Structures are given as C-alpha cells and as structure tokens.
Amino acid sequence: MRPKTPFNAWSLIRGGLSRQQFWQPQWRKAGPKGSYDVVIVGGGGHGVATAYYLAEHHGITNVAVLEKGWIGGGNTGRNTTVVRSNYFYPESAAFYDFSLQQYEQLSRELEYNIMFSARGNWILAHDPHQRDRMRHSGAAMRLNAVDAEFHEREAVYENIPGLNPAPRHPVFGGLFQPRAGTARHDAVAWAYARAANARGVDIIEQCEVTGISVEGGRVRGVETSRGTIGCGKLALAVAGHSTELARLAGIDLPIRSFALQAFVTEPVKPCLDTVVMSPATGAYVSQTDKGELVLGAGLDLYVSYAQRGNLPWMERAAQGLVDMFPQFSRLRFLRQWAGICDVTPDSSPIIDESEVVGMHLNCGWGTGGFKAIPAGGVCLAHHLATGIVHPLARFASLARFASGHLVDEAGAAGIAH
Ligand SMILES: Cc1cc2nc3c(=O)[nH]c(=O)nc-3n(C[C@H](O)[C@H](O)[C@H](O)COP(=O)(O)OP(=O)(O)OC[C@H]3O[C@@H](n4cnc5c(N)ncnc54)[C@H](O)[C@@H]3O)c2cc1C
C-alpha cells in the first residue's frame with residue numbers, strides 16, 4: 001500500500017522553508033539612483049563584503065554595488081575555495097589570519113551556510129632544501145600566531161590517505177595548517193550581498209562601468225551601461241580588470257593580469273579529507289562535498305584576459321594529481337575554466353586610496369584573494385568610512401611600490417591557491 005502522505009521532494013529541497021520563503025529573492029533588484037555616498041564597482045566577494053561592512057560597521061547604507069555581470073561571476077565564483085593564513089611575513093600573517101577568523105564564524109554572522117570546512121591544508125616538501133625552508137617558515141609563522149606545523153615524511157603519510165608512497169617527486173615532509181580548509185565560494189558572495197542588501201545597499205547587476213569622472217583631482221561619479229551615477233567616494237574591486245578600470249581615471253597600476261585555471265573531475269566517494277598542495281608538480285587538490293576533485297595549478301605564463309582553460313595546464317594539473325595520487329588516474333575531468341588574476345610585483349594586495357581623491361582600490365590579490373575577502377572588506381570599508389587606513393591594511397599601500405617596502409609573498413605556498 002502507498003503511504004498516505006506521499007514523499008514530498010520539495011519540502012526536502014526547501015529545507016524547512018515555506019514555498020514563499022524559498023522563492024524569495026536573496027536581494028532586491030535595484031535600478032541605479034542618480035548618486036550614492038559610496039559606489040563600489042565589482043560584485044565579487046571583495047565588493048559585496050565592503051558594502052556589508054560599510055553598513056554593518058559604519059552605518060553607511062547609501063551605497064551601490066555595480067556589477068557588469070552577476071554577483072560572484074568573476075574570480076569569486078571561479079576559484080578553488082582554499083582558505084588559509086600560513087603566510088610568511090608578520091603583516092600578511094596578521095591580515096590573512098584575521099580573515100580566517102572571520103571565515104570561522106561567517107555562517108553565523110551572515111546567517112548563511114557558507115560551508116566553511118576546516119579540513120586542514122598540507123604543503124608538501126619535495127626535496128631536503130624545501131623541507132629545511134619549510135621548517136623555518138613554519139617556525140616564523142608560529143611566531144606570528146599562525147597554527148603552522150611542520151611534519152616529517154612519516155607523519156605526512158599517516159595523515160594524507162592514499163598519498164603515493166613512491167612519487168616522481170619524493171615527499172620529504174609537509175607544512176600543515178589545521179585551521180585552514182575550504183568554503184563554498186559563491187555562497188560567500190551571495191551571503192555578503194544578501195546581508196548588505198538587507199541593510200539598505202543597492203545591488204545592481206548587469207551594470208558595466210565604462211567611464212570615471214574626475215574633477216579637480218577628485219572623483220565625481222561613473223559612466224555606466226545604465227547611465228551616469230554620481231558618488232562621494234568610489235571603490236574599485238574588480239580583480240583581473242583593475243588596470244583597465246583604473247586607467248579610466250588616468251591611473252597606471254603596477255599590475256599584470258594572467259589567467260589562472262581550475263579543473264573538476266567526476267564525483268567519487270569521499271576519499272580525501274584535506275587540501276594537498278604540491279609545489280614541485282604545481283598542482284593542488286581537495287574534494288568537494290559532492291565528491292568531485294577540485295584541482296588548481298599555476299598561472300598561465302603570458303598575460304591575457306581570456307577566461308578559458310587550455311590543454312597544457314590541464315595536462316600539467318593531471319600529471320601533478322596522478323603523481324600524488326595514482327589511484328585517481330582513471331577519473332575524467334568534467335569542467336575546466338579560468339579567471340583573470342591581477343598580480344603585483346610582490347604578490348601582495350593593494351587596499352588604498354589612489355591619487356584621485358575619493359577613489360579607492362582593492363586589488364592585486366593575484367591567485368589568493370578568496371581567503372582574503374572578509375579582511376579585504378573590513379579594511380576597505382574602514383578606509384572609505386573614516387579616511388584612515390585600517391592598521392591591518394598598512395602593508396597593502398600603493399606607496400610601497402615607490403618606497404621599495406615590498407612584502408614579497410610570491411612564495412607563500414610556492415603555488416597558486
Ligand atoms: C582558478 C582560480 C583559482 C583560485 N583559487 C583560489 C583559492 O583557492 N583561494 C584563494 O584565496 N583565492 C583563489 N583565487 C583567487 C580569488 O578567486 C580572487 O583573488 C578573488 O576571488 C578576488 O575577488 P574579487 O571580489 O576581488 O574579484 P571578482 O570576484 O573577480 O569580482 C570582480 C567583479 O568585478 C566585475 N567587473 C569587472 N569589470 C567591471 C566593470 N567595468 N563594471 C562593473 N563590474 C565589473 C566582474 O564581473 C567581477 O564580478 C583563485 C582564482 C582563480 C581564477
């Protein structure tokens with residue numbers, strides 16, 4: 001006999017929400033107003049986080065986020081979701097660890113499941129020199145209160161299930177950060193956008209900024225595909241397109257843009273419960289909750305704005321994966337894509353006001369700005385609201401490229417991340 005109450009797939013999918021709650025848009029569709037106190041260009045994680053913190057920390061809500069595509073459609077929705085704070089220099093360690101601390105409680109703060117998973121992050125040492133350098137780096141990180149642990153080869157094998165016992169690049173040890181892990185990338189953008197909107201911010205999609213108006217050295221507004229919008233202050237958080245946008249205001253940034261690719265395999269049962277990075281092969285891997293393996297590798301070797309993959313990197317990523325985990329050799333890739341990363345000379349970001357008064361920059365995240373979204377948002381919102389650089393963002397100044405006070409984190413993991 002059939003049960004009286006038939007199985008209701010919808011109520012399962014809606015997860016306890018009523019039909020009306022379930023279908024409620026996450027943010028209001030807003031048309032642009034004539035002007036705002038603050039206009040933020042770029043609806044990636046950094047843009048929407050900045051909008052949220054402007055409202056939440058500083059009570060500034062006459063704010064618009066202008067996004068040429070859709071929220072999270074840039075690098076924020078294209079990355080490999082690794083969050084960690086094992087950076088070498090004290091300034092970056094403080095900044096990224098603050099960000100990780102925000103991630104640890106973000107689902108609660110924003111009332112949105114960002115699927116943060118502190119599954120730990122391993123960086124493998126493949127020769128004795130890397131092992132010695134890694135041991136020193138780990139000690140330096142611990143001095144900066146980052147939970148970095150150096151482990152000898154035996155411990156690495158005890159902790160990483162299925163790691164190849166005889167890889168082409170032998171394993172001599174590994175640096176482990178237990179608090180590191182992954183978070184669902186687009187959920188981070190959606191959560192911040194929803195929270196910012198709930199506090200009064202206008203989230204305006206399909207609105208491309210095509211011009212920036214500057215009068216007497218001060219920013220006045222932007223030209224967009226949906227008309228002219230005036231602003232008291234302007235923030236550019238457009239990742240791979242920072243140089244193009246800054247140029248609209250006559251500013252040349254010390255940034256070059258490269259494509260970075262990611263690859264996803266077909267799903268398999270849970271078999272990898274941590275993030276593994278292998279600098280020697282250039283590949284890194286984690287497993288999603290759905291079972292797919294997510295792989296990343298290095299930047300393309302030439303500058304480009306093409307958001308698509310190519311076969312040479314796919315081959316290298318596959319080689320790296322199979323060297324680490326030969327048992328994955330039969331998996332098929334399902335998807336491959338790229339995002340455009342804006343790389344500074346020292347691989348550290350820029351969070352600063354530009355020479356155009358009132359025009360602020362949040363850029364230069366290169367291959368690692370997803371983990372920085374909460375801290376980037378807090379710092380940029382603080383600077384916009386108070387006119388004072390947030391103490392955590394002092395290292396991310398534009399002036400360092402003239403003074404030479406670079407914070408060279410290019411070797412933060414020896415790998416894109
Ligand atoms: C393949 C890949 C893997 C990565 N893996 C990691 C990782 O594991 N961990 C990590 O920490 N980081 C990682 N990153 C880096 C990270 O994704 C970025 O640094 C971060 O997402 C940057 O966020 P954002 O908000 O600054 O930029 P974006 O998310 O790119 O947002 C910028 C937005 O600006 C919009 N925009 C551009 N021009 C205009 C315009 N003229 N008008 C209006 N809007 C405009 C774009 O459409 C875009 O939505 C990875 C990046 C890639 C590409």
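Colleague: What is the relative accessible area of G74, and how should that value be read?

Modeller: Buried means under 20% relative accessible area, exposed over 50%, and partly exposed in between (1.4 Å probe, protein chains only). With a relative accessible area of 29%, G74 is therefore partly exposed. G74 sits in the loop between β2 and β3 (82-83); helices (H or I, at least four residues) and strands (E, at least two) are DSSP runs, numbered from the N terminus. The C-alpha atoms of G74 and L301 are 20 Å apart in space, with these positions 227 residues apart in sequence numbering. This is a predicted model, in which local features need pLDDT of at least 70 and side-chain atom pairs pLDDT 80 or more, while totals for chains, interfaces and linings use all residues. Residues are numbered from 1 along each chain as its sequence is written, and side-chain values use heavy atoms, leaving out hydrogens and water.

Colleague: Where is T274, and is T274 buried or exposed?

Modeller: T274 lies in the loop between β12 (256-265) and β13 (275-278). Its relative accessible area is 2%, so T274 is buried.

Colleague: Which backbone oxygens does the side chain of T274 reach?

Modeller: A polar contact is a pair of N or O atoms within 3.5 Å; within protein, one must be able to donate a hydrogen and the other to accept it, and residues adjacent in sequence count only if both atoms are side-chain atoms. A polar atom of the T274 side chain lies 3.0 Å from the backbone oxygen of R119, and the T274 side chain also reaches the backbone oxygen of G120 at 3.0 Å. Leaving aside neighbours within four places in sequence, T274 is in contact (heavy atoms within 4.5 Å) with residues including W122, F176 and V285.

Colleague: What is the strand order of the open sheet of 8 strands?

Modeller: Strands of a sheet pair through backbone hydrogen bonds, either parallel or antiparallel. Here the order is β5-β6-β4-β13-β14-β15-β12-β16, with mixed pairing; two strands pair if DSSP finds at least two bridges between them. The edge strands, each pairing on one side only, are β5 (149-152) and β16 (333-343). Within the sheet, β12 and β15 (residues 293-303) pair in the antiparallel sense over 5 bridges, and A262 has G296 in β15 as its bridge partner.

Colleague: Which residues touch the most other members of the largest nonpolar core?

Modeller: A nonpolar core is a set of buried Ala, Val, Leu, Ile, Met, Phe, Trp, Tyr and Cys residues joined through side-chain atoms within 4.5 Å. In the largest one, of 52 residues, they are F95, Y103 and Y192. Helix α7 supplies the largest share of this core, 8 residues.
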